[in-house]
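Please walk through the fold of this protein, sheet by sheet, and explain where selected residues sit.

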Amino acid sequence: MEQETYQLLDIRSMEAFDHGHLKDALNIPANELIERKDELQTEKKIIVYCQSGVISTDQAELLSGFGFDACSLEGGYDKWLLNHFQETARNADIEKSIRKKFHKSIFSKFTKAINEYQLVREGDKIAVCISGGKDSMLMAKLFQELQRHHKFPFEVVYLVMDPGYNERNRQIIEQNAKILNIPLTIFETNIFEAVYNIEKSPCYLCARMRRGHLYSKAKELGCNKIALGHHFDDVIETILMGMLYGGQVQTMMPKLHSIHFEGMELIRPLYLIREEDIKHWRDYNSLHFIQCACRFTDTCTTCRPNGENASKRMEIKHMIAEMKKVNPYVETNIFRSIENVNLDTVVAYKKNGVRHSFLEDYESC
């Protein structure tokens with residue numbers, strides 16, 4: 001179709017849209033469509049799409065009832081994405097962009113975290129855990145660059161756990177790995193099946209089970225570390241979430257010893273990399289990754305059946321964005337706050353699980 005004859009309408013959540021979308025698409029989440037229908041161009045055909053083409057069919061019919069010439073994109077964003085891979089940039093261009101255009105904003109910060117927090121040592125065998133999203137895929141490419149230029153030898157396994165992905169999401173992960181020249185080691189579990197009918201905290205249980213399976217498989221493969229793709233924004237959001245919803249000051253550490261798997265360690269090499277720079281790298285190379293492939297999001301919802309976003313992390317993300325309008329340094333200040341904790345001004349704190357009060361040393365001062 002001629003581009004000027006239609007308008008693309010993405011009815012997924014803002015979070016899903018932000019992870020990737022069709023070019024020039026307008027984002028109006030399904031639960032806001034009726035009240036925001038005036039934003040649509042009545043003189044054009046409205047092509048509605050969701051994640052898999054399920055919800056968009058009903059929403060297209062709804063718009064038709066209001067007089068719009070509307071239809072649903074068959075198969076949704078996922079099917080378009082599979083067809084789009086043939087147009088994606090070549091791996092050589094993607095690697096060049098890391099060395100050149102994104103060297104300062106991404107690769108330098110990656111190596112800084114590696115060195116500053118001593119995340120990689122000679123003789124390590126690291127399981128780089130790939131979920132299929134932008135963060136873990138970029139992390140895999142950065143490790144490939146690190147192996148080319150690092151001063152000492154270490155091994156890497158690019159590990160993908162399939163917890164029960166639908167066939168389409170599995171294909172997207174494999175196609176992206178092929179484009180990026182990442183040799184995957186894939187193993188399968190039935191985690192999604194196990195938590196599908198759990199009503200209380202299924203996401204928490206799923207995350208714990210996935211972490212355990214990754215540790216177990218990595219250890220089986222002879223690895224001593226697993227690398228996860230949490231970035232700078234994840235860190236500062238975790239700080240605020242702990243304060244506002246957990247009533248405690250804590251953060252996401254750059255590395256941790258495993259409690260249940262002796263000799264294993266978790267590292268976070270993207271610790272200093274901003275999410276906006278990861279998105280810039282993704283979009284610059286015309287890459288598209290899955291957002292969330294669990295059973296609860298297969299039909300375009302984000303945790304709740306009506307599509308309402310229940311993520312506290314998204315609330316915090318929006319809060320930080322609003323604060324940044326007033327203070328452009330707010331993100332850096334949040335991060336620095338956990339590096340500059342003054343125990344002389346703290347009423348109480350925990351160390352190794354034991355609570356301590358300022359009163360313990362008060363009289364001796």
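The cysteines come first. Cys 223 is buried, with 5% relative accessible area. Cys 50 is buried as well, and its relative accessible area is 1%. The model, which is predicted, holds zero disulfides. For Cys 223, the nearest cysteine sulfur belongs to Cys 129 and is 8.5 Å away, so Cys 223 is in no disulfide, because a disulfide requires two cysteine sulfur atoms within 2.5 Å.

The strands can be taken next, beginning with the sheet that contains β1. This is an open sheet of four strands, ordered β2-β1-β3-β4, and its pairing is parallel. Its edges are formed by β2, at residues 26-27, and β4, at residues 70-72, each of which pairs on one side only. Strand β1 covers residues 6-10 and runs parallel to β2, the two being joined by two bridges. Across this pair, Asp 10 stands opposite Asn 27 of β2. Helix α2, made of residues 55-65, lies across β1, β4 and β3, the last of these spanning 45-49. Relative to β4, helix α2 runs at about 175 degrees.

Two residues outside the strands make contacts in this region. Met 1 belongs to the segment before β1. With a relative accessibility of 66%, Met 1 counts as exposed, because the cut-off for that class is over 50%. Met 1 nevertheless touches Tyr 6, Lys 45 and Ile 47, when residues up to four places away in sequence are not counted.

Lys 44 is found in the loop between β2 and β3. What does Lys 44 contact, leaving aside its neighbours within four places in sequence? The residues in contact with Lys 44 are Glu 4, Thr 5, Tyr 6, Gln 7 and Asp 69. Lys 44 is buried but has no salt bridge. Its nearest side chain of opposite charge is that of Glu 43, 5.5 Å away, whereas a salt bridge needs the side-chain nitrogen within 4 Å of a carboxyl oxygen.

Helix α3 leads from this sheet towards the next part of the description. Helix α3 consists of residues 76-84, and its buried residues are Gly 76, Tyr 77, Asp 78, Leu 81 and His 84. The cover over these buried residues includes β3 and also α7, the helix of residues 167-180. Asn 176 is a residue of helix α7. Is Asn 176 buried or exposed? Its relative accessibility is 1%, so Asn 176 counts as buried. Apart from neighbours within four places in sequence, Asn 176 is in contact with Phe 85, Met 137, His 288 and Phe 289.

The second sheet to consider is also open and has six strands, in the order β7-β6-β5-β8-β10-β9, with mixed pairing. Its edge strands are β7, residues 184-188, and β9, residues 255-257, and each pairs on one side only. Averaged over the sheet and with direction ignored, neighbouring strands are turned by 25 degrees against each other.

Within this sheet, strand β5, residues 125-129, pairs with β6 in the parallel sense over five bridges. Ile 126 stands opposite Val 156 of β6. Strand β6 itself runs from 155 to 162 and is mostly covered, since seven of its eight residues are buried. At the other end of the strand order, β9 and β10 run antiparallel and are joined by three bridges, with β10 formed by residues 265-267. His 257 has Glu 265 in β10 as its bridge partner.

Two helices lie across strands of this sheet. Helix α6, residues 134-149, lies across β5, β6, β10 and β8, the last of these being residues 225-227. Its direction is at about 165 degrees to β6. Helix α7, already met in the cover of α3, lies across β6 and β7 and runs at about 165 degrees to β7.

One loop residue completes the tour. Lys 151 is placed in the loop between α6 and β6. Its relative accessibility is 85%, so Lys 151 counts as exposed. How far apart are the C-alpha atoms of Lys 151 and Tyr 6? They are separated by 54 Å, and the two residues are 145 residues apart along the chain.

Note on methods. Residues numbered from 1 in each chain as written. Predicted model: local features only at pLDDT ≥ 70, side-chain atom pairs only at ≥ 80, totals over all residues. Heavy atoms only, no water. Buried < 20%, exposed > 50% of the residue type's maximum accessible area, 1.4 Å probe, protein only. Pairing = 2+ DSSP bridges. Contact = heavy atoms within 4.5 Å. Axes fitted to C-alpha atoms, helices over the stretch in contact; angles between N-to-C directions. Lys, Arg positive; Asp, Glu negative; His and termini not counted.
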